[in-house]
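Reader: Could you take one part of this model and go through it closely for me, with the cut-offs behind each term spelled out? I would like to see how the pieces around that part fit together.

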Amino acid sequence: MRPTLAVQLAVSLTLLIAVAEGVTAYVNVRTQERQLLRHMVLGADQLSRSITSATWHAMLADDRHSASEMMRTIATKQGVDWIRIFNKEGRIMFSTRPEAGRMVDKNAEACFVCHAREHPLVRVDVPSRARTFREANGGRRLGLITPIYNERACSTAACHAHDADVAVLGILDVGLDLASVDAELAAVKRRAAAVLLVEVGLVSALVVFFVRRFVHKPIRQLIEGTRAVSAMDLDQPIVISSSPEMVELARSFNVMRERLRLALAEINASKQLLETRVDERTAQLEAAQRKLIRSDRLASLGQLAASVAHEINNPLAGVLNLSMLMQRILTEEGVPPARLPEFRGYLAQVSSETARAGRIVTDLLAFSRRSTPRRGLEDLNALVRKTVALVDHKLKMLNVEVVCDLDLALPQVPCDPSQVQQVILNLVLNASEAIVHEGTVVVSTRAPRPGESVQLLVRDTGTGIAPEALPRIFDPFFTTKDEGKGVGLGLAVVYGIVQSHGGDIEVNSVPGKGTEFCVTLPLVLPAHAGPGADAAAAAVAGGAA
Ligand SMILES: Nc1ncnc2c1ncn2[C@@H]1O[C@H](COP(=O)(O)OP(=O)(O)O)[C@@H](O)[C@H]1O
Ligand SMILES: [Mg+2]
């Protein structure tokens with residue numbers, strides 16, 4: 001996980017401050033070190049001057065013993081490591097160390113200052129004459145050479161006069177121990193490190209405090225605010241007072257949140273309005289559909305009446321004939337034994353004809369009965385047969401042959417039987433009405449997707465449907481038939497009923513050749529099978545009585 005902005009800021013600020021403080025401390029320590037060394041160099045120079053002054057008289061008198069005694073006494077002072085004198089040629093004339101008589105290397109650091117060029121320098125400033133180095137035992141030393149110049153007194157001295165044109169007679173080399181300086185320096189470094197640590201600690205604590213207060217906290221508040229907004233919690237304003245920019249940011253965020261809240265409220269309000277409208281519209285539509293089904297049912301009943309009347313009239317006429325025949329056979333003594341079989345035959349015909357009329361009346365009643373809507377498992381084939389029987393006579397009159405091609409293994413279908421009968425009736429009547437002189441209507445059932453659905457097909461050899469009419473045939477009151485023949489409700493009702501059963505209706509038509517309607521009904525009813533499913537059923541039952 002990447003560190004947060006506040007952590008990044010705090011760490012980088014602390015690092016920056018630590019580096020700056022570190023550099024400052026380093027420069028301070030170096031400056032102090034240089035100052036300490038300069039003091040030491042000045043001290044060494046002072047000492048060298050004191051030695052030359054103190055030994056001046058002894059030197060002039062060439063009293064080497066007194067001079068060396070004096071120098072030895074001085075050398076016992078704390079911090080003085082050595083005092084030595086060497087002549088121009090580099091021979092050590094005197095030393096507080098056991099090295100008198102040896103030659104020094106003119107290329108050595110101490111001599112190099114003046115002897116680097118062909119003509120040696122005569123006067124060199126104090127710092128250039130000083131050198132520091134580390135002895136074999138590890139201690140640091142400061143060495144300072146001081147040239148001993150030729151003076152008038154020297155060149156005119158009686159004893160061992162030097163030539164007047166010689167500038168430098170010899171070199172005084174004083175060595176000081178730097179242990180005290182190093183100890184002081186170590187203390188300075190320790191102090192600087194401690195101060196650095198404390199400063200960096202304090203500053204980073206302050207940085208953390210300010211970053212938390214001015215960066216971390218407001219950013220967290222903003223993040224929480226945006227999270228609340230994304231969770232659609234729009235009632236929580238963000239309150240930030242850390243800096244003008246943050247305050248402005250929080251303010252614009254709050255404005256945005258407030259606008260969002262208002263917009264959402266508006267959307268909710270219009271959604272509610274829309275829902276009520278949709279509910280109202282649905283109720284109106286359901287009412288209209290109920291009316292449609294009722295009207296269609298009444299129209300269907302009207303059409304059926306003629307057919308059924310004839311269906312009943314035929315057996316009734318038969319019964320009348322048969323009863324007249326039987327009356328003739330019947331004498332005072334009853335039925336003559338010879339004509340008994342004939343009489344029985346007539347009687348059997350009477351019962352069968354009466355039964356046929358009774359069946360037709362029962363079917364008609366079933367179709368128009370005021371019954372509570374119900375959804376049960378029904379035999380679709382039986383519904384087809386009953387419905388076709390009701391219109392049989394009418395079809396014969398129209399020279400239409402009806403063929404039933406039923407799948408005998410068809411499973412039972414969950415449906416409202418009287419509604420499905422209305423579907424079959426409408427499709428079969430439409431088919432027969434489409435046939436001009438004579439033709440065939442095939443009603444078939446099948447189960448192309450076993451366990452899922454069944455299909456009812458009504459195919460005719462009629463006129464077919466014109467392509468421009470095809471998209472409108474399911475519209476209520478769309479009809480191509482003459483006044484008084486069609487009202488345009490049949491297919492609208494069929495569509496409503498099929499929808500309410502969770503099914504589907506398709507049409508295939510070739511103008512001049514014929515039409516096929518295919519109704520698919522599911523074997524498992526959906527939880528809510530279309531709008532007004534049961535209301536439609538109730539309306540059918542209610543309106544048809
Ligand atoms: N089998 C069919 N063959 C030809 N046209 C049909 C057929 N079924 C329906 N139609 C067309 O669809 C129209 C609407 O049918 P429908 O809703 O039953 O109303 P109606 O039968 O009262 O006209 C019909 O007028 C007709 O033009
Ligand atoms: Mg019709």
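Author: What follows is a close look at helix α10 and its surroundings, with a few residues elsewhere for contrast.

The model is a predicted one, in which local features need pLDDT of at least 70 and side-chain atom pairs count only at pLDDT 80 or more, while totals for chains, interfaces and linings use all residues. Residues are numbered from 1 along each chain as its sequence is written, and chains are lettered from A and ligands numbered from 1 in the order in which they are written.

Helices and strands here are DSSP runs numbered from the N terminus (H or I, at least four residues, for helices; E, at least two, for strands). Helix α10 covers residues 417–434 and helix α11 covers residues 490–500; their axes come within 9 Å and cross at roughly 145°. The axes are lines fitted to C-alpha atoms, for helices over the stretch in contact, and the angles run from 0 to 180 degrees between N-to-C directions. The contact between the two helices is made on the α10 side by Q419, Q422, V423, N426, L427 and N430, and on the α11 side by G490, L491, V493, V494, I497 and V498, where contact means that C-beta atoms, placed from the backbone, lie within 7 Å. Sorted by class, this contact has seven nonpolar, five polar and no charged residues; Ala, Val, Leu, Ile, Met, Phe, Trp, Tyr, Cys and Pro count as nonpolar, Asp, Glu, Lys and Arg as charged, and the others, Gly among them, as polar.

α10 also belongs to the largest nonpolar core, which has 41 residues, and V423, I424, L427, V428, V458, V493 and V494 are those with the most contacts inside it. Such a core is a set of buried Ala, Val, Leu, Ile, Met, Phe, Trp, Tyr and Cys residues joined through C-beta atoms within 7 Å, and a residue is buried if 20 or more other C-beta atoms lie within 10 Å of its own, exposed if 12 or fewer, and partly exposed in between. Among the elements giving two or more residues to this core are α7 (244–329), β10 (453–460), α11 and β12 (514–522), but α10 gives the most, with nine residues. L427, leaving aside its neighbours within four places in sequence, is in contact with V458, V494 and F517.

The surroundings of ligand 1 involve both helices, since α10 and α11 each supply at least two residues of the shell, and α10 gives the most, with four residues. Of the 23 residues around ligand 1, N430, A434, T479, G486 and G490 come nearest, with a residue taken as near a molecule if its C-beta atom lies within 6 Å of it. The shell has ten nonpolar, eleven polar and two charged residues.

V487 lies in the loop between β10 and α11, and it counts as partly exposed because it has 18 C-beta neighbours inside 10 Å. Apart from neighbours within four places in sequence, V487 is in contact with A299, F477 and T479.

For contrast, D62 is found in the loop between α1 (5–60) and α2 (64–75), and it counts as exposed because it has 11 C-beta neighbours inside 10 Å. Its phi is near 55°, a positive value in a residue other than glycine.
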